[in-house]
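Colleague: I am new to this one. Could you walk me through how to read it?
Modeller: Gladly. Let us look first, then talk.

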Amino acid sequence: MAALYRALSDPLLAERAIDVLDVGGRVVAALTGVAPAAGAALGIVIADDLTPSQSAKLDPGQVVAIATARGAFTAHAAIIARSLGIPAVVGLGPAVLAIDSGTTLLLDGDAGTLTVGPAEELVEQARGRREQQRRRAAVALTRAGEQGALASGQRIEVFANIGTPADAVRAVEFGAEGVGMLRTEFLFLDRATLPDEDEQVATLLEIAKTLDGRPLIVRTLDAGADKPLPALPMPAELNPFLGIRGIRVGLQQPQVLATQLRAVLRVAVEHPVKVMMPMVATLAEVLATRRVIDQARTALGIEAELEIGITLEVPAAALMAEQLGRHLDFFSLGTNDLTQYTMAAERGNASLEPLLASPQPAVLRLVKLIVAGAAQASAARGRNCWVGVCGEMAGDPACAVLLTGLGITELSMSPSLIPEVKAALRSVSFDDAYRVAEAALQASDAQAARALALDLL
Ligand code: PEP
Ligand code: MG
């Protein structure tokens, strides 16, 4: 059946061959009790697109790399592949689906290319680049345990984004000084029901223990749009990215949010835990969430200090940063969504690449505005509202330099990216970072803005 499908000239229909193979593999697995991946050769997975839960199930021991027809750099499937350390090229177009099994392929995750039947010379060059990259990574890893700082001494905290307890182990191995974002929705991707408060406490405790005293920022559920959760079914929407997602779900279903916040508070008694809410657009949402936290605090009789922040990713919140900052302890900039909403370009849509590439000068201008707003709010409140970044920009050394030049003091990224970002920060003074960041605000596009920082590295 798969061969019949693959022979069809329409690439979309030819792609259905994968579904037949997938179903076949599952049936065999059910009959034999042997998982389909067992004994499979190491290879490149080719797919139309992957959901976050499909990505999360890939075994880095079996899958050498991923190539997809759809998707973009900040889509959640790509984010999970990055955290598993699996090279990926996404958004290659439907032609990749017609590639036969067993074809020799050369995938270059840095360049974003997939070459079919590469000449031996090309393969040799790629091997050389891979060796060079491994050596550079090994050198950076030797200093990954040092604190993040610029060459001129300013301290920049370098944290990890995680989605599972296993990621927390990797975060520590790669020198994370803490977790800047636990995407709690990744804990629940495949569950039919959400875990109760005790189970959530147990998972958070496991992560907190691995972190051994390092701070842990727990982000409340960010379900919706490209992160559907079977445990939280939602009505279909015309524009899910502009619909009921993030804190909007939490405020519409307060018992879900309250359970999570109670679990966070219980763990905060013994560990340095902070909490942040995704997709906040207004002060009313901040105040409503604070009320849920206060109620949970009273119900549990917990006095523990708990820093409260938001994933700042909606342009409205950026424009209102000073007002929101008066009620918050930190902003962690979700530049994936901030770019999506600022550029009006869906983050998973590969054909919008020039609009989605980072750093967009328009987004950098918002970063500058947010940092200024947070400083004004801190002065007014007499308590610091710090500003970090947890979007994928933070893990790109060039973008990291620009962000620190704009006054960002914390960067949170996929664990494996930490050593090289710390190395880049160590090589640049604040004055130079400031100078290129100011120039990048005037750049004509993302590529030009990034090139300014690359010149420094
Ligand atoms: C972001 O939007 O940049 C972010 C950090 O959150 P997520 O990628 O989970 O939407
Ligand atoms: Mg987001």
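**Reading the model, feature by feature**

Modeller: Start small. In this predicted model, the side chain of Thr 68 comes within 2.6 Å of the backbone oxygen of Arg 70. Thr 68 belongs to strand E2 (residues 63-68).

Colleague: Is Thr 68 buried or exposed?

Modeller: Use the relative accessibility. Buried means under 20%. Thr 68 is at 2%, so it counts as buried.

Colleague: Now the metal. Which residues are the protein donors of the magnesium ion (ligand 2)?

Modeller: For a metal, look for donor atoms close by. Here they are Glu 313, through OE, and Asp 337, through OD. They lie 2.0 to 2.1 Å from the magnesium ion.

Colleague: Where do Glu 313 and Asp 337 lie in the chain?

Modeller: Glu 313 sits in the loop between strand E10 (307-312) and helix H12 (315-319). Asp 337 is in helix H14 (residues 335-343). The two are 24 residues apart in sequence, so the pair ties those parts together. Both residues are buried.

Colleague: What surrounds ligand 1?

Modeller: Read a ligand site by its shell, then by its polar contacts. The shell has 16 residues. The closest are Arg 183, Arg 219, Lys 227, Asn 336 and Arg 347.

Colleague: And the polar contacts?

Modeller: Take three, each to an oxygen atom of ligand 1. A side-chain N or O atom of Arg 347 is 2.8 Å away. A polar side-chain atom of Glu 313, also a donor to the magnesium ion, is at 2.9 Å. Thr 335 uses a backbone N or O atom, at 3.1 Å.

Colleague: How much of ligand 1 does the protein bury?

Modeller: Taken alone, ligand 1 exposes 280 Å². The protein buries 100% of that.

Colleague: Which elements give two or more residues to the shell?

Modeller: Helix H5 (76-84), strand E7 (179-183) and H14 do. H14 gives the most, with 3 residues.

Colleague: How many residues of H14 are buried?

Modeller: Count along the helix: 8 of its 9 residues are buried. Among them are Thr 335, Asn 336 and Asp 337. Check what comes next, too. Ala 344 follows H14, and its phi is positive, near 50 degrees.

Colleague: Last, the outside. Which residues make the nonpolar surface patch?

Modeller: For a patch, look for nonpolar side chains grouped on the surface. Val 23, Val 27 and Leu 31 make one of about 310 Å². Val 23 lies in helix H3 (residues 16-32).

Definitions and conventions
Residues are numbered from 1 along each chain as its sequence is written. Chains are lettered from A and ligands numbered from 1 in the order in which they are written. This is a predicted model: local features need pLDDT of at least 70, side-chain atom pairs count only at pLDDT 80 or more; totals for chains, interfaces and linings use all residues. Side-chain values use heavy atoms; hydrogens and water are left out. Donors are N, O and S atoms within 2.8 Å of the metal (3.2 Å for Na, K and Ca); water is not among the atoms, so sites may look incomplete. Helices (H or I, at least four residues) and strands (E, at least two) are DSSP runs, numbered from the N terminus. Buried means under 20% relative accessible area, exposed over 50%, partly exposed in between (1.4 Å probe, protein chains only). Patches are made of residues with over 30% relative accessible area and no salt bridge: like charges are joined within 9 Å, nonpolar side chains (Val, Leu, Ile, Met, Phe, Trp, Tyr) within 5 Å. Accessible areas come from the Shrake-Rupley method with a 1.4 Å probe; for residues, only the protein chains shown count as cover. A salt bridge is a side-chain nitrogen of Lys or Arg within 4 Å of a carboxyl oxygen of Asp or Glu. A residue is near a molecule or strand if one of its heavy atoms lies within 4 Å of it. A polar contact is a pair of N or O atoms within 3.5 Å; within protein, one must be able to donate a hydrogen and the other to accept it, and residues adjacent in sequence count only if both atoms are side-chain atoms.
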